[in-house]
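Me: I've got a structure open and I'd like to learn how to read it. Can we go through a few features together?

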Amino acid sequence: MTYLVGVLVLVGALLAFGGALGLVRLTTFYERVHPPTMATTLGVALVVAASILHFGLLESRLALHHVLISVFVALTTPITYLVLMPAALRRHRGDPAP
Amino acid sequence: MTFLSITLTAAQLLLAAGALICVWRMWRGPHAEDRVLALDTLYVNGMLLVLTFGLRSSSTLYFEAALVIAMLGFVSTVGLAKFLLRGEVIE
């Protein structure tokens with residue numbers, strides 16, 4: 001079971017790293033908005049799943065309160081982008097299309 | 001070295017590299033909204049790093065710290081985005 005914890009943490013960290021890497025690799029802001037969502041949904045969910053599994057095995061009870069982090073981040077990221085994207089559109093109104 | 005500690009080290013290195021990339025994007029810009037986006041991603045990376053430290057030490061104290069970082073990251077990013085949108089945070 002600890003192997004599963006390790007694999008989950010590693011894949012979650014890879015997704016988070018990919019989300020950050022997209023900030024560098026992509027060229028325009030409207031493209032760069034997309035990759036961090038990969039980190040905030042599946043990346044956080046996998047690391048939290050590893051945490052639930054690890055503490056569940058350690059304390060031999062269901063450590064479900066870790067789900068709070070995953071749910072909170074997954075719910076708040078769209079709200080952040082819903083405020084951020086109109087700001088970007090408003091600030092670049094009249095610019096030629098990127 | 002167990003399998004878990006090796007994977008945790010690799011995951012922490014990846015998350016730290018991701019945080020560094022976010023700092024680079026915050027430094028370079030080119031627009032203010034790029035910096036806000038990079039700050040949001042930096043918060044998520046830092047929160048995941050705290051969670052992996054909790055896994056390494058098997059201490060439940062890190063859970064609260066990660067939750068607080070997630071909340072503060074949300075509030076600060078929305079505040080900055082609101083400032084970019086309207087020019088003031090609380091109207």
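Reply: Sure! Let's begin with a cut-off: a residue counts as buried if 20 or more other C-beta atoms lie within 10 Å of its own, and as exposed if 12 or fewer do. Keep in mind that this is a predicted model.

Me: Okay, let me try that on B:S58. Is B:S58 buried or exposed?

Reply: B:S58 has 11 C-beta neighbours inside 10 Å, so it counts as exposed. You'll find B:S58 in the loop between helix 2 and helix 3 (61-86) of chain B.

Me: What is phi of B:S58 near?

Reply: Here's the general idea: most residues other than glycine have a negative phi. Phi of B:S58 is near 55 degrees, a positive value, and the residue isn't a glycine. Chain A has a case as well: A:S60, not a glycine either, has a positive phi of about 45 degrees. A:S60 sits in the loop between helix 3 and helix 4 of chain A. With 8 other C-beta atoms within 10 Å, A:S60 is exposed. And there's a glycine to look at: B:G29, just after helix 1 of chain B, takes a positive phi of about 85 degrees.

Me: Let's stay with that helix. How many residues does helix 1 of chain B have, and which of them are buried?

Reply: Helix 1 of chain B (residues 3-28) has 26 residues. From first C-alpha to last it reaches 38 Å, close to the 38 Å expected at 1.5 Å a residue. Its buried residues include B:L8, B:L14, B:G18 and B:R25. Among what covers the buried residues of helix 1 of chain B are helix 1 of chain A and helix 2 of chain B.

Me: And how do I describe two helices that pack together?

Reply: You use the angle between their axes and the distance between the axes. Take helix 4 (residues 67-91) of chain A and helix 2 (residues 32-57) of chain B: they pack at about 170 degrees, with axes 10 Å apart. That angle makes the pair roughly antiparallel. By class, their contact has 7 nonpolar, 1 polar and 3 charged residues. Residues that meet there include A:L84 and A:R91 from chain A, and B:L37 and B:D40 from chain B.

Me: How many residues does the whole contact take from each chain?

Reply: It takes 46 residues from chain A and 42 residues from chain B. On the chain A side, helix 1 of chain A gives the largest share, 17 residues. By class, that side has 32 nonpolar, 11 polar and 3 charged residues.

Technical notes: Residues numbered from 1 in each chain as written. Chains lettered and ligands numbered in written order. Predicted model: local features only at pLDDT ≥ 70, side-chain atom pairs only at ≥ 80, totals over all residues. Axes fitted to C-alpha atoms, helices over the stretch in contact; angles between N-to-C directions. Helix = DSSP H or I, 4+ residues; strand = E, 2+ residues; numbered from the N terminus. Parallel < 35°, antiparallel > 145°, perpendicular 65-115°, else oblique. Contact = placed C-beta atoms within 7 Å. Nonpolar A, V, L, I, M, F, W, Y, C, P; charged D, E, K, R; others polar. Expected span 1.5 Å × (residues − 1).
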